[in-house]
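Okay, thanks for coming, everyone. I'd like to walk you through one structure today, mostly its holes and its strands. Here it is on the screen.

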Amino acid sequence: MQHGSSTSLDTEANSTSCAFCQHHRIASYILKETSFFRLVADHAPLAEGHLLIIPKEHYTCYGDVPAEFDEELFALKREIRQFFRQFYAPAIFWEHGVFRQTVFHAHLHCFPFGELAYNLDDALHDQVVASQGDIRAWYASQGHYFYMEDAQHGLLFPPQMDPYLRIIRDVLWTGAAARNGQTTWRSSQQRQEEGKPMIEATVANWRAFQQQGGDHADQSHT
């Protein structure tokens, strides 16, 4: 099993310094809280509208998140799709699955990147996902992965640099560049420094969406 970090999974799972477990570190970015999840504006957005779905409890990745969370997760994803359709473009979901991860707490990136589609004929993926159970089964049997979901498919990829970099370059970067107008990749620090207006616009649009009714999975935190 290949690891995206030299840190062991036991250490990752029991970290007491996890940024996402420390509510005060993300409180200003929280848009909504449900029973099991927080919906958060990314602090270093790739584009306006960049959101994260983060479990409140500490799990290393979505392959580790229990099945009883699935219904609420699906409700949040439906709501985000509606939000993006109204204010941005169709959603792309992305998860590192620990591989190449920077915060070892499950978080699903939600990008308004539009009608991007991965070509199945490229055969970079190992599995087309039918349910969250497929992700849990992969993680239990094979460990690390990365995951992408476009309008057509959810896909599991092996934890290898070649497919990872090709998806980053050919799908995610293409989508980000189309939305943010940047011609070069921005570091996390650069995105954080430049991201404040994007975050403010995202929050304003989310509030407008909620005021219009939205698709409430639970209580809004605006």
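So, how much space lies in the second largest cavity? About 50 Å³. Let me say what I mean by that: on a 1 Å grid over the protein atoms alone, a cavity is a set of points where a 1.4 Å probe fits but cannot get out, and lining residues have an atom within 4 Å of a point. The grid points are joined across faces, edges and corners, and a volume is the space filled by probe spheres set on the points.

Before going on, a word on the source. This is a predicted model, so local features need pLDDT of at least 70 and side-chain atom pairs count only at pLDDT 80 or more, while totals for chains, interfaces and linings use all residues. Residues are numbered from 1 along each chain as its sequence is written, and side-chain values use heavy atoms, with hydrogens and water left out.

Now the overview. The protein chain has seven helices and nine strands; these are DSSP runs, H or I of at least four residues for helices and E of at least two for strands, numbered from the N terminus. Of the 222 residues, 52% are buried, where buried means under 20% relative accessible area, exposed means over 50%, and partly exposed is in between, with a 1.4 Å probe and protein chains only. Take the contacts (heavy atoms within 4.5 Å) with a separation of 6 or more: residues 24 or more positions apart account for 66% of them.

Back to that second largest cavity. Its lining is Tyr62, Leu73, Lys77, Glu95, Leu108, Gln132, Ile135 and Tyr147. Helix H3 (70-87) and helix H4 (132-142) each supply at least two of those residues. By class, that's five nonpolar, one polar and two charged; here Ala, Val, Leu, Ile, Met, Phe, Trp, Tyr, Cys and Pro count as nonpolar, Asp, Glu, Lys and Arg as charged, and the others, Gly among them, as polar. Two of the lining residues, Gln132 and Ile135, are among the buried residues of H4, and so is Trp138. After H4 comes Gly143, with a positive phi near 85°.

The search of the whole structure finds two cavities of 30 Å³ or more, and the largest has about 90 Å³ of space. Its lining includes Trp173, Trp185, Arg186, Arg191 and Met198. Helix H5 (161-180) and helix H6 (188-194) each give at least two residues to it.

Next, the pockets. A pocket is an open set of grid points with protein on both sides within 12 Å along at least five of seven lines. The largest one has about 810 Å³ of space. It's lined by 30 residues, and Asp42, Thr102, His109, Ser188 and Arg191 lie nearest its centre. You'll remember Arg191 from the lining of the largest cavity. Which helix gives the largest share of this pocket's lining? That's H5, with four residues. By class, the pocket has 18 nonpolar, eight polar and four charged residues.

The second largest pocket has about 190 Å³, and 14 residues line it, with Phe74, Lys77, Arg81, Tyr147 and Glu149 nearest the centre. Lys77 and Tyr147 also turn up in the lining of the second largest cavity. H3 gives the most here, four residues. The classes come out as four nonpolar, five polar and five charged.

Now, strand E5, residues 108-111. Leu108 and Cys110 point one way, His109 and Phe111 the other, and all are buried. In a regular strand, side chains alternate between the two faces of the sheet. Strands pair if DSSP finds at least two bridges between them. E5 pairs antiparallel with strand E3 (residues 51-55) over three bridges, and Ile53 has Leu108 as its bridge partner. E5 also pairs antiparallel with strand E4 (residues 92-95), again over three bridges, with Trp94 partnered by His109.

Last bit: two odd backbones. Arg100, in the loop between E4 and E5, isn't a glycine but has a positive phi of about 60°. Arg100 is partly exposed, at 39% relative accessible area. Ala123 has a positive phi of about 55°, sits in the loop between E5 and strand E6 (127-129), and is exposed at 55%. Most residues other than glycine have a negative phi. That's me done, thanks.
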